[in-house]
Amino acid sequence: MYDVTSIRSDFPILSREVYGKPLVYLDNGATTQKPLCVVDAMQHEYLNANANVHRGVHYLSQQATDLHEAARTTVHKFINARSDNEIIFTRGTTEGINLIASSFCEGFMQPGDEVIITAMEHHSNIVPWQLQAARSGIAIRVIPIDDRGELILDEMDKLFTSRTRLVSVMQVSNVLGTVNPVKEIVRRAHLHGVPVLVDGAQSVPHFKVDVQDMDCDFFTFSGHKAYGPTGVGVVYGKEEWLEKLPPYQGGGEMIATVSFEKTTFAELPFKFEAGTPDYVATHGLATALDYLSALGMDNIQRHEQDLTRYATQQLETIDGMRIFGHSTDKDAVISFLVGDIHHLDLGTLLDRLGIAVRTGHHCAQPLMARLGISGTVRASFGLYNTREEIDALVAGVRRVAAMF
């Protein structure tokens, strides 16, 4: 039985007030709150096992290293990678995409080669490719979407050419909530011999991810959106690809030998982990993933889908309501506008009622241009949200709408 009341007790921040009103936190797509077990785990390591990881012969260093590498194993099992060697720690999804963009372009792309992305991508899966286009002369091709907010896969098929080298696609839209058919995208790309990078920032916190079943070549996600700490994330890569890619950054940890004439690089996964990692954050991330596993990803998904359906039904009863994204497979995000009310005004006034939502273009300006708007209000749900909080959101939107 999914006991949301008990779950909420693990998140003390949810019991606070904002402007004298109970906090209703509906900005989980931007970042999630952290359970006490994550905070406690990180505090315990700082107070009891804080030392730089790897190569240290003293007890604290070995203890910290054990925790750090145990976290790698936790991640590999959570997303069903084949081994620890396929798990690279980063600062988050953005750095993960930049890592793949930089290393893949350096190792496998020439001027005129192409990468395929989608019309709904976050800026973090657009700008890194534009930087590579400016530096290396590669070209970007874009899969269009239909009016429901779903990818037009038949149009994707037309984008493949002899110069296509990579497909990079988000698994879930942070604006529309669309759950993209990444397994089918991977299948079609592989028919052309093209590898696929999947942005899992908005999927890992919400439902079970299996990278082997998906058969993607690369996958990346952020800790802070999955109830873990900020400043830590993961890149998964098939070992055969990671072996071939050149390093992303240079420095300590990622080397085997260094001389002024030549440097040789460390084995996987350390080849991609230059410098001191945030080893306390990796321990916090592993604790968060263990927390999700204990709750059960299927249970979390059912709870959040119920919230999404309920919120959609209730919001649609409001006059002038426009909801963006009507995919048949939709996750825990609802983006909307009401009449002519500016999204910033609506979000600001909801905040005064204690309701935390996100406003603006959500780092997806090309998608906003496709929708013909400048921004939306976005309510995004997490494992601790309730129907009562949805009711508070709907009442708040009605109250603000009446003011206009």
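This briefing describes a four-stranded sheet, a nonpolar surface patch and one loop residue in a predicted model. Because the model is predicted, local features need pLDDT of at least 70 and side-chain atom pairs count only at pLDDT 80 or more, while totals for chains, interfaces and linings use all residues. Residues are numbered from 1 along each chain as its sequence is written, and side-chain values use heavy atoms, with hydrogens and water left out.

**The open sheet**

- Four strands form an open sheet in the order β13-β14-β17-β16, with antiparallel pairing; strands are DSSP runs of E with at least two residues, numbered from the N terminus, and two of them pair if DSSP finds at least two bridges between them.
- The edges are held by β13 (321-324) and β16 (358-360), each with a single partner strand, so one side of each is left without a neighbour in the sheet.
- From one strand to the next, the twist averages 30°, where axes are lines fitted to C-alpha atoms and angles run from 0 to 180 degrees between N-to-C directions.
- Between β13 and β14 there are four bridges, and Phe-324 stands opposite Ser-335 in β14.
- Another four bridges join β14 to β17, with Val-377 of β17 as the bridge partner of Phe-336.
- Three bridges connect β16 to β17 (residues 376-380), and Arg-358 has Arg-378 in β17 as its bridge partner.

**Burial of strand β14**

- Six of the six residues of β14 (residues 333-338) are buried, so this strand is largely enclosed by the rest of the structure; buried means under 20% relative accessible area, exposed over 50%, and partly exposed in between (1.4 Å probe, protein chains only).
- Val-333, Ser-335 and Leu-337 are buried on one side of β14, and Ile-334, Phe-336 and Val-338 are buried on the other.

**The nonpolar surface patch**

- Ile-255, Val-258 and Phe-265 make a nonpolar surface patch of about 250 Å².
- Val-258 belongs to strand β11 (residues 255-258) and is exposed, with a relative accessible area of 57%.

**Ala-49 in its loop**

- Ala-49 lies in the loop between α2 (36-48) and α3 (59-78); helices are DSSP runs of H or I with at least four residues.
- Ala-49 counts as buried, at 4% relative accessibility.
- The C-alpha atoms of Ala-49 and Thr-178 are 42 Å apart in space, and the two residues are 129 residues apart in sequence.

Definitions and conventions:
Patch = residues over 30% accessible without salt bridge, like charges linked within 9 Å, V, L, I, M, F, W, Y side chains within 5 Å. Areas by Shrake-Rupley, 256 points an atom, 1.4 Å probe, with all protein chains shown as cover. Salt bridge = Lys/Arg side-chain N within 4 Å of Asp/Glu carboxyl O.
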